[in-house]
Amino acid sequence: MTLPWDVVIVGGGHNGLVAAAYLAGKGLRTLVCERRDVVGGAAVSEHPFGPQYTVTSLSYVVSLLPASIVRDLRLREHGFHVYPQGPYFAPRADGRYLRLPHDPAERREQIARFSARDADSYERYDAEMARLGAVLGPLLHQIPPRLGSRRPGDLLGQAMLLHHLRKVDTRLAVDLTRLISGSIADLLEEYFESDALRGVLSVSGVIGMWAGPRSPGTGYVTLHHHVGDAGGTPGAWGFPRGGMGAVSEALAAAARAAGARIRTRAPVARITTRAGRVTGVVLEDGEEIASGTVVSTVHPRITFLSMLDPGALPGDFVADIRRWRSRSGTVKINLALDRLPVFASHPGFDPQVHGGTIVLAESLDDIEGAFQDAAAGRASELPFADVCIPSVFDDSLAPPGRHVMSLFTQWVPHTWADAPDEAELGRYADRVIERMDVVAPGFAGSVLHRQVIGPHQMQREYGLIGGNIFHGELTMGQMFHARPAAGYADLRTPVGGLYQAGSSVHGGGGVTGIPGRNVVRQILADRRAARWRRARLTSRRAAA
Ligand SMILES: Cc1cc2nc3c(=O)[nH]c(=O)nc-3n(C[C@H](O)[C@H](O)[C@H](O)COP(=O)(O)OP(=O)(O)OC[C@H]3O[C@@H](n4cnc5c(N)ncnc54)[C@H](O)[C@@H]3O)c2cc1C
């Protein structure tokens, strides 16, 4: 019997769209079912303040989306454009600021205002991150083999992994182990002495993490943020024109152009199975959609504990999914402003400052303190924020003279995902705005509208269970072959024909598109193997 769809994809986030574009490009009849009325998931641009303003609701800066995906899917023809990220600017309450310009000589001069030793160390630090990132970056694209399995195909996968690691010598192996298992604080304290530099650099170790800079494993997160190549430059980041939603729109356009169908307002209630194989999906309104291959890109707890009957899955698999850690305590704040902030330390308009990345984090201890508050069950007294004002260089986002500001902030208690405290969340957002007001007096008075998205809204509205921004914490115990369950990091699942390709699998964690592309490789390989088995059976029958 011919089914209407070769593949149904659950979730129209960027990974679902990448998978759809590649699958349809290979001639497979592909349908995407997205629950919301807009595609993009956590990579979405919306209009909470009316049509005049566009905010990048959650994610805001791109790096990890490989240049090869941009090329393969011709995303530039579909409107994909990235403005290079400007330098870091960290204004301080004492009236000083730290800037990290891209030009090495200028950067050295800026850092030396805080510490001559740090100015000397910075290039070494940067080179070390590039050296270690060069090992890890290509690994991000691999489909992890089943470590420990003795089956011939899995042994081949393990051998290929060893082949990939052949360039890792003894020194590099130890340096990598120390970095990825250690804390960003250990690393930064080895290189730098000034609070200012330690503060700014530690942010990339704790983004999206339920962990402060002194927690083991935050070294890895820092490295994860150094392996992208926005626009083809290693380690570079950039702001997409139109916000991150424009990336998703370009992916959706590429998928449609290749022949995929994308349905929004199509929430999947169940994934159906028969005799251990997937048979399709059922939407919340009861509509049944048959397909022999289903790819789920939603959080693994939704896929395996809600859309399937956990009782029909292997017990140890279900136990892994239940214990999958998915906390963050992140709060995204989006603002509309009637003017640009005037920084006390740098009062004039400067495209490198206003169009760069503004960091409210004066020291590593500040950030650790913010985490310890949340770990103790209360919202941070002094939250840190990673801030950008994309309307400075992107005129599509706000009316002339007005601006939109995106503030990525941490932390509130992760338990607010299930038990929100709206009043406290509001007071937390007030404190973030006050913190900006201290370094840019009058800022609070420039806010026309504000949107505060805490863990509960991330979970309920965007499907980010536990409020974790990556569908799961990027900790050592949830890496590579352990992502998200033992024996299933190869994007397959215990159900035949059901695959996973959301942020929780290897290659995910950020707007990378890698799970979406890798799942297509896996599906095509499995289809080839099935065709080969069928052909062999037919020829045996003919011979008998
Ligand atoms: C506040 C915040 C800031 C971030 N900042 C950055 C950043 O600057 N740069 C970066 O690279 N990454 C960032 N990230 C992480 C990044 O956005 C995510 O890792 C990535 O977008 C996840 O993509 P995905 O396609 O795997 O999943 P999702 O984007 O979560 O997509 C899954 C989709 O499935 C849909 N869905 C859920 N349930 C159902 C159902 N029952 N039926 C049908 N559809 C369903 C959802 O609506 C969603 O559209 C950030 C995330 C957050 C939350």
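How far apart do the C-alpha centres of domain 1 and domain 2 lie? In this predicted model, the separation between those two centres is 28 Å. To see what is being compared, it helps to trace the chain. The domain assignment builds domain 1 from the segments 7-43, 64-81, 242-324 and 479-533, while domain 2 consists of 86-236 and 326-462.

Let's turn to where these domains meet. On one side, domain 1 brings 21 residues into contact, and domain 2 answers with 15 residues. If you look for the element behind the domain 1 side, start with helix α17, residues 514-543: its 4 residues are the largest share of the side that touches domain 2. By character, that side of domain 1 splits into 10 polar, 9 nonpolar and 2 charged residues.

Now to the ligand. A shell of 39 residues surrounds it, and the closest of them are G11, G13, G41, S59 and G510. Domain 1 and domain 2 both take part in this shell, each supplying at least three residues.

Which secondary-structure elements each supply at least two residues of the shell around the ligand? They are helix α1, spanning 14-25, and strand β14, spanning 330-337. Of the elements, α1 gives the most, with 3 residues.

The chemical make-up of the shell is worth a look as well if you plan to inspect the ligand's surroundings. Its residues comprise 19 nonpolar, 16 polar and 4 charged.

Methods: Residues are numbered from 1 along each chain as its sequence is written. This is a predicted model: local features need pLDDT of at least 70, side-chain atom pairs count only at pLDDT 80 or more; totals for chains, interfaces and linings use all residues. A residue is near a molecule or strand if its C-beta atom, placed from the backbone, lies within 6 Å of it. Ala, Val, Leu, Ile, Met, Phe, Trp, Tyr, Cys and Pro count as nonpolar, Asp, Glu, Lys and Arg as charged, and the others, Gly among them, as polar. Domain bounds come from an automatic or database domain assignment. Two residues are in contact if their C-beta atoms, placed from the backbone, lie within 7 Å.
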